[in-house]
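Reader: I am new to reading protein models. Could we go through this one together, with reasons for the words you use?

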Amino acid sequence: LEDYTKHFLSYSEINSFLFQIVNLVPTAELININKTNERRDTYVIKLGTPMGRWKPAIFIDAGIHAREWIAPATAINFIYQLAINPTRDAVITDLLRKFDFYIAPLVNADGYEHSRSSTSNRLWRKNRSRAANSHCIGVDINRNFGYEWNPAAGGSSQPCSDLFSGAFKFSEPESRNLRNFMLSKKPDLKGYLTLHSYGLYWLYPWGFSDTATAVDDNKLRAIARTSVNAMSKQYTIGASAKVLYVAAGGSDDYAKAVAGIPYSYTVELPPSSSAFNGFILSESKIPEIAQDTLKGLKAYAYSIHDYI
Ligand code: 0X9
Ligand code: ZN
């Protein structure tokens, strides 16, 4: 199974990895959160040690954007480390007792497979749905969530744009699948990390406006600071619309505002924002990036535990 952690996997390889994990780990569970536009199944894996009492949960997703291959690869590494714990890391054992982890390694499987296909576009970002009155394909899933949805705020109402927000909020199966999952675990979910690339940012709400400040901004910043301090890469932290750009309809804003997940973050993985062609990374970079990000995840989990 370790070999799966070292490569950019196909959709079917990701599924075969997940099926093998649940066959090997008695406490692991697979949840099918429904199909993509092209009718691929989307999975969330649950990892945690049953404690016979309520536990808070952390939801991690990856692959909202098709071309950001390091994000699903990092999620696969998280699943491997948490489920197998090959180094018998006491911190992982402890975190699995404190939390249930729900990990969706590939949200936008259609777009991802499109970006993998040699005959198509490696830099594809969106999903693969067909717009009603256009020849263009795809909606930006991270502009399609229903909190403060607004194509004029960092999205687009043009189907041919890479930032197309969709014809209406939650027009897309991929964003609805995430929404429905978040809402189904609403009492339990306390943390949300959505893995993207690239730029080395650890971002928190709000993304929809650069004049809105979360009421718990200080706490969000403190948790982000603790998380990035545990990593060797130099991440920038901040409210996403203030340190990056305004973009409404993101999954992070929805998670916090509507799904009630207090500690919601978008993680922009390596390389740094100054990299040229930062979506295209050698597979040899996967282990170091995944290991460093796992340090951030551990620090994040402990940090939010202190606030629950
Ligand atoms: O623009 C995005 O969707 C994210 N950056 S990316 O380069 N991976 O596309 C940032 C999203 C930050 N969150 C919100 N704006 N809500
Ligand atoms: Zn992204």
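Reader: In what order do the eight strands of the open sheet lie?

Author: Happy to help! This is a predicted model. Its open sheet runs β1-β2-β4-β3-β5-β8-β6-β7, and the pairing is mixed. Neighbouring strands are turned by 20° against each other on average, with direction ignored.

Reader: What makes β1 and β7 the edge strands?

Author: Each of them, β1 (29-35) and β7 (236-239), pairs on one side only.

Reader: How do you know that β5 and β8 pair?

Author: Pairing takes at least two bridges between the strands. Strand β5 (residues 189-199) and strand β8 (residues 263-272) have eight bridges, in the parallel sense, so they count as paired. As one example, G199 stands opposite S272 in β8.

Reader: Why is α1 called roughly parallel to α2?

Author: Helix α1 (residues 11-24) packs against helix α2 (residues 70-84) at an angle of about 10°, and their axes are 11 Å apart. Angles under 35 degrees count as roughly parallel, so α1 is roughly parallel to α2.

Reader: Which residues meet there, and how do they divide into nonpolar, polar and charged?

Author: From α1 come I14, F17 and I21, which meet P72, I76, I79 and A83 in α2. The contact has seven nonpolar residues, no polar and no charged ones. Ile, Phe, Pro and Ala are among the residue types that count as nonpolar.

Reader: Which residues does UniProt list for "domain: Peptidase M14"?

Author: The unreviewed UniProt entry gives residues 7-304. In the model that span is 34% helix and 18% strand, and its end C-alpha atoms lie 31 Å apart.

Technical notes
Residues are numbered from 1 along each chain as its sequence is written. Chains are lettered from A and ligands numbered from 1 in the order in which they are written. This is a predicted model: local features need pLDDT of at least 70, side-chain atom pairs count only at pLDDT 80 or more; totals for chains, interfaces and linings use all residues. Helices (H or I, at least four residues) and strands (E, at least two) are DSSP runs, numbered from the N terminus. Axes are lines fitted to C-alpha atoms, for helices over the stretch in contact, and angles run from 0 to 180 degrees between N-to-C directions. UniProt positions are given in the numbering used here, feature names are shortened, and annotations may be inferred rather than shown by experiment. Angles under 35 degrees count as roughly parallel, over 145 as roughly antiparallel, 65 to 115 as roughly perpendicular and the rest as oblique. Two residues are in contact if their C-beta atoms, placed from the backbone, lie within 7 Å.
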